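Okay, thanks for making time, everyone. I'll put the sequence and the structure up on the screen, and then we'll walk through it from the overall fold down to a handful of residues.

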Amino acid sequence: MELHDVWFVLIAVLWTGYFFLEGFDFGVGVLTKLLARNRVEKRVLINTIGPVWDGNEVWLLSAGGATFAAFPEWYATLFSGFYLPLLVILLCLIVRGVAFEYRAKRPEENWQRNWERAIFWCSLIPAFLWGVAFGNIVHGVKIDRDFEYVGGFWELLNPYAVLGGLVTLSLFTFHGTVFTALKTVGDIRERARKLALKVGLVTAALALAFLVWTQADSGDGASLVALVVAVAALVAALVANQAGREGWSFALSGVTIVAAVAMLFLTLFPNVMPSSLNPEWSLTVTNASSSPYTLKIMTWCAVIATPVVMLYQGWTYWVFRKRIGTQHIAEAH
């Protein structure tokens, strides 16, 4: 296996880790409207992800940085062609992070309500747009012979990509709902489990349609295995949720995300960005990669730094592993 193939796999792993971890962050943000009944319950939901949300976003920075260094042509075409939706995602992530920190800085009800709205919308919008972006990457976009995107913004909102956005939105919401059931106690935990069933059934229908479409369009034997694993894991997560096994349900919803992202990258390889105009104009792991020397240096840096980052993040989750509930909130802030 060449180094550019290795880095394609590593970037796939980084995106998978990001969607697994940030996925339930986005889901919890959406639940501040769907599940929480009052200000105290909203604070409970926010507190479940308060210690970890910023660490989860490290995976996005790592994925973006690795793409820039390992596949500069891919990075350039992606960020120039998808400039507007990626800018919206970036702005949402900035506002969302500020909202987490500033919401409780002042006691006025309007102040807190506005930041809570920001948390909701800045969780929902990126959860949808990430699916749109990856749907277009996998399905193919208008790339010319100079490896430049020549399509328009509205062409990115094609039926396949929009379905992909609905899948990521519903899947992340389901992931966040089972995470909430895992991290809370009392009435909010029970309502989260009931909501997880409803969201999970919607997710299953959307995900099955999207993954079957993907398989029919550009799949092979390996991607079919990933499809089966994703669907089976989602069904098992619903069963575990109904049985009150929140830990298993969360783990299995995570397996669904891992398998679904793996399927997308399996159907993509050896391309990194297919051209819908001419297959010969597609960006591949070969023509979009950096020099072998650059990839070699990056590999050594990754070998040294990655275990340290993962150990630290694992320690953070261990420290903040206990459940919380409304009884742990002294007063509404």
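**The overall picture**

So, to begin with, the chain has 12 helices and 2 strands. Keep in mind as we go that this is a predicted model. If you read the elements off from the N terminus, the order is α-α-α-α-α-α-α-α-α-α-α-β-β-α. In other words, the two strands come one after the other, with a helix following them at the end of that order.

How does the radius of gyration sit with what a compact globule would have? For 333 residues a compact globule would be near 20 Å, and the chain has 20 Å, so the two agree. Along the principal axes, the C-alpha trace spans about 60 × 40 × 35 Å.

Now, burial and contacts. Half the chain, 50% of the 333 residues, counts as buried. And if you take contacts with a separation of 6 or more, 81% of them are between residues 24 or more positions apart. On the outside, the chain exposes about 15,400 Å², with carbon and sulfur atoms supplying 68% of that. As for charge, there are 24 positive and 23 negative ones, and their mean positions are 15 Å apart.

**Helices α3 and α4**

Let's zoom in. Asn56 is in helix α3, which covers residues 53-56. Is Asn56 buried or exposed? It's buried, because its relative accessible area is 0%, and the cut-off for buried is under 20%. Its side chain does have a polar partner, though: there's a 3.1 Å polar contact with the side chain of Gln313. Beyond its neighbours within four places in sequence, Asn56 is in contact with Tyr18, Leu21, Glu22, Phe24, Asp25, Gln313 and Tyr317. So have a look at that list on the screen: it has residues numbered from 18 to 25 as well as Gln313 and Tyr317.

Next, Leu60, in helix α4, residues 58-70. Leu60 has a relative accessible area of 16%, so it still counts as buried. Which residues does Leu60 contact, once you leave aside those within four places in sequence? They're Trp15, Tyr18, Leu93 and Trp130. With Trp15, the C-alpha atoms are 6.9 Å apart, although the two residues are 45 apart in sequence. And you'll notice that Tyr18 turns up for Leu60 and for Asn56 as well.

**Helices α10 and α11**

Moving along the chain, Leu227 belongs to helix α10, residues 221-242. Its relative accessibility is 9%, so Leu227 is buried. Not counting residues up to four places away, Leu227 touches Leu211, Val212, Gln215 and Met263. Leu211 is 16 residues away along the chain, and the C-alpha separation there is 6.5 Å.

Then there's helix α11, residues 246-268, where we find Gly254. This glycine is buried, at a relative accessible area of 0%. Outside the four places on either side, Gly254 is in contact with Phe20 and His175. From Gly254 to Ala230 it's 9.5 Å, C-alpha to C-alpha, with their positions 24 residues apart in sequence.

Thr256 is in α11 too, and it's buried, with a relative accessible area of 5%. What does the side chain of Thr256 have by way of a polar neighbour? One of its polar atoms is 3.1 Å from the backbone nitrogen of Leu234. Setting aside sequence neighbours within four places, Thr256 contacts Leu171, Ala230, Ala233 and Leu234.

**Two backbone oddities**

Last bit, and it's about the backbone. Most residues other than glycine have a negative phi, and most peptide bonds are trans. Where should we look with that in mind? One place is Phe147, whose phi is near 60°, a positive value in a residue that isn't glycine. Phe147 is in the loop between α7 (109-139) and α8 (159-183).

The other place is the bond between Phe269 and Pro270: this one is cis, with omega about 5°. Pro270 is in the loop between α11 and β1 (271-273). Right, that's my tour; shout if you want any of those spots back on the screen.

Notes
Residues are numbered from 1 along each chain as its sequence is written. This is a predicted model: local features need pLDDT of at least 70, side-chain atom pairs count only at pLDDT 80 or more; totals for chains, interfaces and linings use all residues. Side-chain values use heavy atoms; hydrogens and water are left out. Helices (H or I, at least four residues) and strands (E, at least two) are DSSP runs, numbered from the N terminus. Buried means under 20% relative accessible area, exposed over 50%, partly exposed in between (1.4 Å probe, protein chains only). Contact means heavy atoms within 4.5 Å. The radius of gyration is taken over C-alpha atoms; the globule rule is 2.2 Å times the number of residues to the power 0.38. Accessible areas come from the Shrake-Rupley method with a 1.4 Å probe; for residues, only the protein chains shown count as cover. Lys and Arg count as positive and Asp and Glu as negative; His and the chain ends are not counted. The place of a charge is taken as NZ of Lys, CZ of Arg, CG of Asp or CD of Glu. A polar contact is a pair of N or O atoms within 3.5 Å; within protein, one must be able to donate a hydrogen and the other to accept it, and residues adjacent in sequence count only if both atoms are side-chain atoms.
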